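Open the model in your viewer and keep the sequence panel in view. The stops below go from one pair of strands outward to the rest of the chain.

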Amino acid sequence: MTTDRPRLLERPDPVRRSMFAIGCIAIGAATAGFLAATLRFFVPNVLYEPSRRFDIGPPSGFPPGAVTFLPDRRLYVFNGTDGFYTISSVCTHLGCNVKRGGPGFACPCHGSQFNENGQVVQGPAPKPLAWYSLSLSPHAHLVVDLDHPVTPEFRLRA
């Protein structure tokens with residue numbers, strides 16, 4: 001009696017079976033990654049910027065004769081004897097925040113100096129500091145509009 005069994009009845013090789021399973025998992029993972037990357041294109045890439053027109057509060061929040069720095073908006077708000085006005089704290093040289101010192105402003109990064117109206121006294125800043133429009137909202141709050149620059153003669157009487 002011979003023990004020749006047909007080759008089809010032999011048990012499969014366990015190494016071959018595990019390699020087949022690993023291959024199926026790899027193909028499944030690659031397909032899932034491809035589908036995820038494809039579905040990502042249906043979600044738009046949107047960067048939300050803060051509004052360029054914003055409320056900074058009631059005029060009573062700015063004491064007479066005081067200068068208030070708004071670091072999140074990079075603005076100085078003045079409440080002078082002749083009214084309210086705002087000057088940007090962004091140096092026109094490379095965008096550092098200027099510091100108020102004495103009657104004017106000084107850039108701590110590269111030494112530019114500006115007078116009390118934001119005009120360049122000493123370079124390397126090429127342009128004066130920006131002035132922005134102020135208005136009163138219907139709720140009697142001060143509103144700054146960064147899209148509307150004004151001249152240094154601008155004052156808001158509130």
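Select β3 and strand β4 (residues 83-88): the two pair in the antiparallel sense over six bridges. Strands here are DSSP runs of E with at least two residues, helices are runs of H or I with at least four residues, and both are numbered from the N terminus. Two strands are called paired if DSSP finds at least two bridges between them. The model is predicted, so local features need pLDDT of at least 70 and side-chain atom pairs count only at pLDDT 80 or more, while totals for chains, interfaces and linings use all residues. Residues are numbered from 1 along each chain as its sequence is written, and side-chain values use heavy atoms, with hydrogens and water left out.

Stay on this pair and show asparagine 79, whose bridge partner in β4 is phenylalanine 84. The link from β3 to β4 is a hairpin through two residues. Now colour strand β3 (residues 75-80) by accessibility: five of its six residues are buried, so the strand is mostly covered. Buried means under 20% relative accessible area, exposed means over 50%, and partly exposed lies in between (1.4 Å probe, protein chains only).

Next, add strand β2 (residues 67-70), which runs antiparallel to β3 and is joined to it by four bridges. Leucine 70 has leucine 75 in β3 as its bridge partner. These strands also form a hairpin, with four residues between β2 and β3. In that turn, pick arginine 74, which has a positive phi of about 55 degrees.

Go back to β4 and select strand β9 (residues 131-136). Two bridges join β4 to β9, and they run antiparallel. Isoleucine 87 is matched with tryptophan 131 in β9 as bridge partner. From β9, move on to β10, which pairs with β9 in the antiparallel sense over five bridges. Serine 135 stands opposite valine 143 in β10. The hairpin of β9 and β10 has five residues between the strands, and alanine 140 there takes a positive phi near 60 degrees.

Continue past β10 (142-149) to arginine 157, which sits in the segment after that strand. Is arginine 157 buried or exposed? Its relative accessibility is 62%, so arginine 157 counts as exposed. Leaving aside neighbours within four places in sequence, arginine 157 is in contact (heavy atoms within 4.5 Å) with Thr81, Asp82 and Gly83. For a distance check, draw a line to serine 89: arginine 157 and serine 89 are 68 residues apart in sequence and 22 Å apart in space, C-alpha to C-alpha.

Now select an open sheet of four strands, in the order β5-β6-β7-β8, with antiparallel pairing. Its edge strands are β5 (99-101) and β8 (120-122), each pairing on one side only. Three bridges join β5 to strand β6 (residues 104-106), and lysine 99 has alanine 106 in β6 as its bridge partner.

Finally, zoom out to the whole protein, which has one helix and 10 strands. The radius of gyration, taken over C-alpha atoms, is 33 Å, well over the 15 Å that the globule rule (2.2 Å times the number of residues to the power 0.38) gives for 158 residues, so the protein is more spread out than a compact globule. Along its principal axes the C-alpha trace spans about 120 × 40 × 25 Å. Of the 158 residues, 26% count as buried.
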